Number of protein chains: 2
Amino acid sequence: MTYCVGLQLSRGLVMMSDTRTNAGIDNISTFRKMHVWSRPGSSAIFLTTSGNVATTQAVVSILDERTKAHKARSPSILDQESMFQVARMVGETLREVISTYRPAGMEADGSFNATLIVGGQIGTGEPRLFMVYPEGNFIESSADTPFFQIGETKYGRPILVRAYDRDMGFEDAIKLLLVSFDSTIKANLSVDLPIDYQIYEAGSLVPGPSGRITRDDRYYQTISEVWGKALRAAFDSLPDFRLPERTLSRN
Amino acid sequence: MTYCVGLQLSRGLVMMSDTRTNAGIDNISTFRKMHVWSRPGSSAIFLTTSGNVATTQAVVSILDERTKAHKARSPSILDQESMFQVARMVGETLREVISTYRPAGMEADGSFNATLIVGGQIGTGEPRLFMVYPEGNFIESSADTPFFQIGETKYGRPILVRAYDRDMGFEDAIKLLLVSFDSTIKANLSVDLPIDYQIYEAGSLVPGPSGRITRDDRYYQTISEVWGKALRAAFDSLPDFRLPERTLSRN
């Protein structure tokens, strides 16, 4: 599995991804799932990936090569005129890679599938965030759905739904994502540290601060410890349930 | 889907189940998933169900009929000598029902499957809690794994893991379960109110307090509202994340 999140904020975008991949529980590896392309001053594009690693690495490599060797027939992701065109290009590349490796006649086989989150800003456009499906189609974030999760999305969702705020600062957003990742990592062995994060400031047209959080990161350890206590205190602060009648012999 | 939880406490057992069933998102119904058999003073047995409704209703009906019409060849669940024998009987009944309706040759077809939680106490034995699989085999709770969830288990798991305490009171346990159910209901349309709960006091050998919590229950509404705020306050109480260097132009 995997866990990646892309958040749309009024200040810009924040993306976070874990690094664990596995081919069975006895065969795990660490791969970076966060990728960046930028031409400072004109475009900044961010991609996180979940799903089959061969598929997602092929997609990233194809997109990457096109930014280095320009050809009229295979334009670079950095030459697109809008983030919509970027999402379309990423979706087409993904669909092509999957169809190449999918055995003929096994259309329903999902084992080469991947789902991606792509975000960024180009020229005078707004920062935009998309989730790209294995079929190559995609959806865009909105005021109603301002973030996307891919991979193991369930354990970390309740806190995102409750504490996300479009106007929060980047550092608060990283804190929120770390809580969400901590809940997921505690519950699913196929999601693990290190965690990569990437910030993008709206209008900057250059990648913002980024970093990798490892298992010995003091802040992560603190969050992981303190969150358990804070959650317990939040639970204790709720009003008590009272049984309709005192039918218990002792309590 | 479904969401049911069985908790083992030092004081006894608490079980909670939702009531939503669906055959597609456009075809939903309400069914009770909590079942009780008891011979006061000698046994009290509780069962919650997830999975195919035809399967779980058949299992419950078969077990139920045997408690009413005694026959030497089909003993009643209330005549078992231990909770281990009860779990075995429930597992065998479940496996038989599934194998009856599973089309020949489609061993891998999971559509008639169901998973159950069975708990209770018989005679001088301890209260025990089991999770029963579609294959008829089962596992028992322990100090390391003191509760079982079936159905949509993920959204509601983090709070259970963090706030469960073996020595908590029954009313605190109901409060904890309602928070876990609220997170699940908010995230998955196939889990919904009303919620049934059942308490069993260790040593009582009679079903404890039980009840149904509906959408207009004032306490549930309060928990649902206040939990969002409490979670938000817990999040705010965490130490702030600071980017390694101030590379943001504004924050």
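Me: What is a polar contact, and which polar contact joins the side chains of Asp192(A) and Arg215(A)?

Reply: A polar contact is a pair of N or O atoms within 3.5 Å; within protein, one must be able to donate a hydrogen and the other to accept it, and residues adjacent in sequence count only if both atoms are side-chain atoms. In this predicted model, local features need pLDDT of at least 70 and side-chain atom pairs count only at pLDDT 80 or more, while totals for chains, interfaces and linings use all residues; side-chain values use heavy atoms, with hydrogens and water left out. Residues are numbered from 1 along each chain as its sequence is written, with chains lettered from A and ligands numbered from 1 in the order in which they are written. Here the side chains of Asp192(A) and Arg215(A) are joined by a polar contact of 2.4 Å. The side chain of Asp192(A) also makes a polar contact of 3.1 Å with the side chain of Arg20(A).

Me: Where is Asp192(A) found, and is Asp192(A) buried or exposed?

Reply: Helices (H or I, at least four residues) and strands (E, at least two) are DSSP runs, numbered from the N terminus. Asp192(A) is found in the loop between H4 and S11 of chain A. Buried means under 20% relative accessible area, exposed over 50%, and partly exposed in between (1.4 Å probe, protein chains only). With a relative accessible area of 11%, Asp192(A) is buried. The C-alpha atoms of Asp192(A) and Thr30(A) are separated by 8.9 Å, although the two are 162 residues apart along the chain.

Me: Which residues does Lys33(A) touch?

Reply: Contact means heavy atoms within 4.5 Å. Leaving out residues up to four places away in sequence, Lys33(A) touches several residues, including Asp18(A), Thr19(A) and Arg20(A). By the same kind of count, Asp192(A) is in contact with Asp18(A), Thr19(A), Arg20(A), Ile185(A) and Arg215(A). Lys33(A) is found in the loop between strand S4 (28-30) and strand S5 (34-39) of chain A, and counts as buried at 3% relative accessibility. The side chain of Lys33(A) makes a polar contact of 2.8 Å with the side chain of Asp18(A).

Me: How should a salt bridge be read, and how many does the structure hold over all chains?

Reply: Side chains of opposite charge can pair when their charged atoms come close. A salt bridge is a side-chain nitrogen of Lys or Arg within 4 Å of a carboxyl oxygen of Asp or Glu. The structure holds 30 salt bridges over all chains. One of them joins the side chains of Arg212(A) and Asp196(A), at 2.8 Å from N to O. Arg212(A) lies in strand S12 (residues 210-213) of chain A and Asp196(A) in strand S11 of chain A, so the pair ties together parts that are 16 residues apart in sequence. Arg212(A) is partly exposed, at 41%, whereas Asp196(A) is buried, at 1% relative accessibility.

Me: What turn lays chain A on chain B?

Reply: Two copies of a chain are related by a rotation about an axis and a shift along it. Copies are superposed by least squares on the C-alpha atoms of residues with pLDDT of at least 70 in both. Chain A can be laid on chain B by a turn of 180 degrees and a shift of 0.0 Å along the axis, with an RMSD of 0.0 Å. That is the relation of a two-fold axis. In chain A, the C-alpha nearest the axis belongs to Tyr155(A), 2.5 Å from it.

Me: How many residues of chain A are in contact with chain B, and how many salt bridges are counted between the chains?

Reply: In this model, 57 residues of chain A are in contact with 57 residues of chain B. The count between chain A and chain B is eight salt bridges. Among them, Asp182(B) pairs with Arg162(A), the closest N and O atoms being 2.9 Å apart. Another is formed by Glu171(B) with Arg242(A), with the closest N and O atoms 2.2 Å apart. This pair crosses between chains, from Glu171(B) in helix H4 (residues 170-187) of chain B to Arg242(A) in the segment after H5 of chain A. Glu171(B) counts as buried, at 6% relative accessibility.
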